[in-house]
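Thank you all for coming; I would like to walk through one structure with you, taking the bends in its helices before a patch on its surface. Please have the sequence and the model open while I talk.

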Amino acid sequence: MHTKWLNIKDILWKKQNYIFNFFLIFTLIMLMMTPGIWNGNEEQYLGYAWRKSSPEALARISALRDTANHRFIFEYLTGFSIKNIGFEWTQALGRIIVALLYSASLVSLFKNLKISTTAFCTIILIFFWLGESILGMEWLFRGFEPKTLAYPFVFFSFSTSLKKRFGSSYLLLALATYFHFLVGGFWFFITWLVQLYWTKNLKQTFMNSLKYLIPCIPLFFIIVVGQLQTQDSINSTPPVSWIYSHFRAPHHVAPFASKAVFMEFWYQGVILLLGLTIISAIIYRYSQNRIEKEFSKLVLTLNIYLFLSLFISYFDKQGVLGKFYIFRPASITLFLTLCLYALFLQNIISKKFSKFSISSKISLQFSFVTLVLISCLTIPSLSGHTAYKFLSKQAQSLNSFKISQHKNNFDLEQIIKKSHPTDIFLIDPNLEKDPDLIWNIKILSFERKYNRPTLVLDKFMPSTNSEIMRWYKLLNLKNNLFKEGCPSEITKHYKIRYLLAHQNNNKVNNCGKEIYNQGGIKLIELDTEQ
């Protein structure tokens, strides 16, 4: 009877500890992705889902235009939600769901790695503080989009792989692939190698991998058909790969696009990666624990993979590998590296705390929770690091929302709302780049807030080759218009109705009648016959 009671107490303690850890991680993640504060990716991917159900007359002149179908699950779910509960509630609910999935998956991972509450809180805080990435500006915990629905299932697959339940891992990765095929596909390949290494059984590894490959056949078919339909754009000038990698996203995929790009976005990450790799190698050399030894080997392999990606990128002058986002694993690699360090240090000092009573451990946990919450408030005040800059942008976004109620902006908003739903508002590229303008924050949300098409924006680059070429052509035509004024090919062909320009831009004054000029911006109404 006494033994049975002890077993019950042990089970209750484990459940309480699981719930405690779950809500602690949930709180930390929600502090980083508070509902109501939109980022550019959310504007883009929720906008794509919304425009898929818009009338064709609007969808074809929207900046939120992408004919790719591989995100069909995300777009169907979010499109349905937007239609029924609106944008704001969809974004808020999406962020909460993402945080819940992350919390459950991370609790499972930390449990299987035997990482303590204190250790995993430290991991998450340091991960936030480092900006969530080593290379390529990839991240995990900043919003609601396809990849943030995929990553929790990747973490779940790590847990099942640690238990050597590889069949379950492949099914989880198949689910991740349907939300984001590059995320799921890469970690499928890593899991396949891990199983082959651990089991030394090629036949068993292949048979298990069918649990991933067979469910993903429909998605592969959709992707291949989509690419075949845009074959005519492959030999374009400039190449689509160059547009995607070097023109639009060198900070994500092309470290050697130019010296300026490397120095601004990459060199600090390369130094950090070198340090992390050396420490990981030392841990691998001196690890005694089996889990720690195998885990350190995985982390070291991922770090070496990033170095190989840098090496390959140096010779990829046309950005052919850009659309594969070969640096996308950098964020999870950083997270797993921090897990390895925490596990290693925890095992070193565990003997000193082995005699602590349960009540003492609870006291330690609550003390550390207090420290965690204080750190979440104070760490962002450290100037210069990436997480601080991100939080500053969130605060700026909130301030922008309040300031936008000013009479001047209200007058402009009334003009926009009185326009015809198919009137195109072509937006000055300088408004997207000027950090001193209130409207800088609102450019990406223009279509969402006012349901008026903007034709093309720098941020919203589509996925398919033909759409990328169209986006690139329109972007150049728009840039020429705002640099040289009228007449312009883009105003004639697309019958642009309004130009939203920087107040200091006098080149467009000959395009039409100025009907608004306040707060750093002006609105010019064009004659659609021009």
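H4 bends by about 120° at Ile-85, where the bend at a residue is the angle between axes fitted to the seven residues ending there and the seven starting there, and a helix is a DSSP run of H or I with at least four residues, numbered from the N terminus. Between its end C-alpha atoms H4 spans only 34 Å, although a straight helix of 42 residues would span 62 Å at 1.5 Å a residue; that expected span is 1.5 Å times one less than the number of residues. After H4 comes Lys-114, with a positive phi near 60°.

I should say that this is a predicted model, in which local features need pLDDT of at least 70, side-chain atom pairs count only at pLDDT 80 or more, and totals for chains, interfaces and linings use all residues. Residues are numbered from 1 along each chain as its sequence is written, and side-chain values use heavy atoms, leaving out hydrogens and water.

Turning to H9, residues 202–228, we find 27 residues whose end C-alpha atoms are only 33 Å apart, short of the 39 Å of a straight helix, and a kink of about 50° lies at Ile-217, shortly before Pro-218. Among the buried residues of H9 (under 20% relative accessible area, 1.4 Å probe, protein chains only) are Tyr-212, Cys-216 and Leu-219, and what covers the buried residues includes H4, H7 and H8.

Finally, where is Ile-312? Ile-312 sits in helix H13, residues 290–315, and is partly exposed (between 20% and 50%), with a relative accessible area of 42%.

How values were computed
Helix = DSSP H or I, 4+ residues; strand = E, 2+ residues; numbered from the N terminus. Contact = heavy atoms within 4.5 Å.
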